Structure formats: C-alpha cells, structure tokens
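Subject: Structure for you to look at

Dear colleague,

I am passing on a structure to you, together with some notes on what turned up when it was examined. Please open it first and keep it in view while you read.

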Amino acid sequence: MAGGKEIRGKIKSVENTKKITKAMEMVAASKMRKAQDRMRAARPYAEKVRAITANLAQANPEYVHAFMKAPEKAVKKVGYIVVSTDKGLCGGLNTNVLRAFTNKLKEQEGAGVKGEVVAIGNKAFGFANRSGVKVVAHTVQLGDTPHLERLIGPVKVLLDAYSEGKLDAVYLCYTRFINTMRQEAVVDQLLPLAAERMAVESGAHRWDYIYEPDAKTVIDDLMVRYVEALIYQAVAENMASEQSARMVAMKAATDNAGSVIGELKLVYNKTRQAAITKELSEIVAGAAAV
C-alpha cells in the first residue's frame with residue numbers, strides 16, 4: 001500500500017486538476033451562451049436566403065445555375081468541407097464528425113470516387129494529413145467568433161473546381177447543434193444543391209421577379225451568397241456544439257476528480273489508521289516484555 005506522503009501528493013495533484021476543469025467548465029458555459037445566440041441569430045438569414053433562392057430557381061427555369069446542375073457523367077471526384085474545432089477537451093465531438101467523414105470517404109472510395117478536402121479547424125487539418133487525404137486548402141485558429149472572410153477563401157477553391165467541372169459533388173461535414181446535451185455529426189450534400197433543400201413547398205405561391213440588371217447576374221450572385229450562408233451556419237453550429245460539449249466534458253471531469261479525491265482520502269485514512277494501530281501494538285508488546 002502507498003505511503004501517506006505519496007497519497008497526500010496524489011490528492012493535491014487531483015485537487016489542482018479539479019480547479020482547472022471547474023474553471024474551464026465556467027468559461028465554456030459563458031462562451032456557450034454567446035455561441036448559441038450567434039447561431040440562432042444566423043438561422044433566420046439562412047432560412048430567408050434559402051426561400052428566396054428556391055423561389056428564384058423556380059421562377060426562372062430557362063437559366064439553371066451550375067450549382068444546381070446534376071453531373072451528367074458518373075461521379076469520379078468529390079470535395080469535402082470538414083468543420084472541426086481548433087482545441088480539444090470537448091468530449092467525442094471531433095471524433096464523431098471525423099468518423100462520419102471517414103465513413104463517407106470510404107464509401108465513395110469503394111465506388112471508385114476520389115476525394116479532396118478543405119479543412120476548417122486544427123483537428124480536421126491534422127486528421128486529414130495523417131489519413132493521407134489530399135488537402136487543397138485549410139483555415140485554422142478561427143477563434144470564438146466565425147468570420148465569413150476567413151472562410152470564403154478556402155471554400156472558394158472547391159466552389160471554383162465544381163463550377164469548372166473538376167468536381168462532381170461537394171459535401172459539408174460538421175456537427176449540428178440540437179441542445180446542450182446533444183450534438184449530431186452530419187454529412188450534407190452541398191453541391192449540387194439537393195432538390196429537397198431547394199424545393200418550394202407544394203402548393204405555395206411562386207413569386208415572379210423583375211431582375212436588374214438581368215436574371216443570370218442576380219441568380220449567380222445569390223447562389224454564391226446562399227452557399228456561403230450554409231457554410232457560415234455550419235461553422236456557427238459547430239462552435240455552439242463545441243462549447244456545449246466542452247462544458248459537459250469539463251463538468252464530468254470535475255465530478256470524477258471529486259470522486260477520486262474521496263477515494264484517495266479514504267485510502268489515506270485507512271493507511272493512517274493502520275500505522276497508528278501498528279505503533280500501539282508495538283508499544284503494548286514492549287510494555288508486556290518489560
């Protein structure tokens with residue numbers, strides 16, 4: 001059995017760890033509220049852009065944007081936008097989204113489809129490099145607030161490749177925020193824009209628009225804004241999920257540290273009691289011998 005001094009050292013070490021995890025839990029809780037507010041604030045814009053884009057796509061059928069055209073040939077090459085965190089200590093958040101990305105990648109490779117990646121976040125970038133997947137662009141250290149100008153550059157690489165016909169599809173992998181205790185890893189088809197994502201509700205009124213300067217210019221710009229809104233919303237959802245997962249993970253770590261401290265104190269008290277009993281036995285034995 002370990003000595004009392006060694007056990008006291010372990011208790012002190014776990015107590016220091018508990019202080020750190022408690023502080024991280026409180027910081028994550030504060031950031032989580034801001035991240036959730038930012039995510040919810042972005043949702044109405046994304047929904048409105050989706051509705052306008054869907055109506056425009058239906059209102060002007062003679063012009064079909066490249067983002068809406070299904071590939072005429074067999075799919076040979078696809079791109080992935082993988083959104084992860086820059087830091088760890090957030091439970092299985094990154095593990096789940098990277099597993100979903102890996103499963104989709106293996107499924108496509110099994111069908112003879114090659115893939116390339118745009119990594120958003122340190123964890124996705126490191127994982128893609130270790131896995132040997134071709135990384136065409138990446139952005140890291142986004143901070144606590146997503147900025148669209150930091151995302152446009154790397155993502156535009158895949159969008160341009162798709163417009164030029166070098167890619168047949170683009171997928172977006174991120175963690176969708178459901179509530180504080182639950183986050184879901186999803187792999188959505190970003191391009192070509194899915195029919196169910198663009199569809200107008202059955203029976204809904206279809207608007208007729210007057211285009212200035214012309215339909216092609218308006219639809220081209222709106223499609224780019226639409227895709228940017230989807231990606232920004234995905235990053236905002238991922239950041240809200242990150243802070244929620246980190247708060248829950250740090251709370252669990254703090255509770256576990258408390259349990260370990262209790263167990264160590266019990267062992268320490270038993271060790272002390274055994275040492276005292278041994279000393280008393282030796283004193284009694286010595287007195288009896290005299």
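I will begin with a single residue: Arg-43 has a relative accessible area of 32%, so it counts as partly exposed. Please keep in mind throughout that this is a predicted model.

Arg-43 has a charged partner, since its side chain and that of Glu-237 meet in a salt bridge, with 3.1 Å from N to O. Because Glu-237 belongs to helix H6 and Arg-43 to helix H1, this pair ties together parts of the chain that are 194 residues apart in sequence. Unlike what you read above for Arg-43, the label for Glu-237 is buried, because its relative accessible area is 6%. As background, side chains of opposite charge can pair when their charged atoms come close.

How many salt bridges does a search of the whole structure find? The search gives 14, and two further examples are worth following on the screen.

The next example is the salt bridge between Glu-116 and Lys-134, whose closest N and O atoms are 3.9 Å apart. This pair, too, links distant parts of the chain, with Glu-116 in strand S2 and Lys-134 in strand S3, 18 residues apart. Glu-116 has a relative accessible area of 6%, and it is therefore counted as buried. Lys-77 also comes in here, as salt bridges with shared partners join Lys-77, Glu-116 and Lys-134 into one network.

The other example stays inside one element: Lys-10 forms a salt bridge with Glu-6, and the closest N and O atoms are 4.0 Å apart. Both residues lie in helix H1, which covers residues 4-59, and they are 4 residues apart, about one turn of the helix. Lys-10, at 41% relative accessibility, counts as partly exposed, and Glu-6, with a relative accessible area of 46%, is partly exposed as well.

Now for the chain as a whole. Its secondary structure comes to 6 helices and 5 strands, and from the N terminus on the elements run α-β-α-β-α-β-α-β-β-α-α. The radius of gyration is 28 Å, which is well over the 19 Å that the globule rule gives for 290 residues, so the chain is more spread out than a compact globule. Taken along the principal axes, the box filled by the C-alpha atoms is roughly 115 × 40 × 35 Å. Of the 290 residues, 40% count as buried, while the chain exposes about 16100 Å², of which carbon and sulfur atoms supply 55%. If you take the contacts with a separation of 6 or more, residues 24 or more positions apart account for 78% of them.

Which elements do the buried residues of helix H3 pack against? Helix H3 spans residues 122-131, and its buried residues include Ala-124, Gly-126, Phe-127 and Ala-128. The buried residues of H3 pack against strand S1 (77-83), helix H2 (93-110), strand S2 (114-120) and strand S3 (134-139). After H3 comes Gly-132, whose phi is positive, near 80°.

In strand S3 you will find Thr-139, which counts as buried at 6% relative accessibility. Leaving aside neighbours within four places in sequence, Thr-139 is in contact with Ala-119, Ile-120, Gly-121, Arg-150, Leu-151 and Pro-154.

Leu-148 is in helix H4, residues 148-163, and it counts as partly exposed at 29% relative accessibility. Not counting residues up to four places away in sequence, Leu-148 touches Glu-228 and Tyr-232.

Helix H6 also holds Asn-238, which, at 2% relative accessibility, counts as buried. The side chain of Asn-238 reaches the backbone nitrogen of Thr-175 at 3.3 Å. Once residues up to four places away in sequence are set aside, Asn-238 touches Val-83, Ser-84, Thr-85, Leu-93, Tyr-174 and Thr-175.

Finally, please look at the surface, where Ile-276, Leu-280 and Ile-283 make a nonpolar patch of about 300 Å². Of these residues, Leu-280 is found in helix H6, which covers residues 215-289.

With best wishes

Notes:
Residues are numbered from 1 along each chain as its sequence is written. This is a predicted model: local features need pLDDT of at least 70, side-chain atom pairs count only at pLDDT 80 or more; totals for chains, interfaces and linings use all residues. Side-chain values use heavy atoms; hydrogens and water are left out. Buried means under 20% relative accessible area, exposed over 50%, partly exposed in between (1.4 Å probe, protein chains only). Helices (H or I, at least four residues) and strands (E, at least two) are DSSP runs, numbered from the N terminus. Contact means heavy atoms within 4.5 Å. Patches are made of residues with over 30% relative accessible area and no salt bridge: like charges are joined within 9 Å, nonpolar side chains (Val, Leu, Ile, Met, Phe, Trp, Tyr) within 5 Å. Accessible areas come from the Shrake-Rupley method with a 1.4 Å probe; for residues, only the protein chains shown count as cover. A polar contact is a pair of N or O atoms within 3.5 Å; within protein, one must be able to donate a hydrogen and the other to accept it, and residues adjacent in sequence count only if both atoms are side-chain atoms. The radius of gyration is taken over C-alpha atoms; the globule rule is 2.2 Å times the number of residues to the power 0.38.
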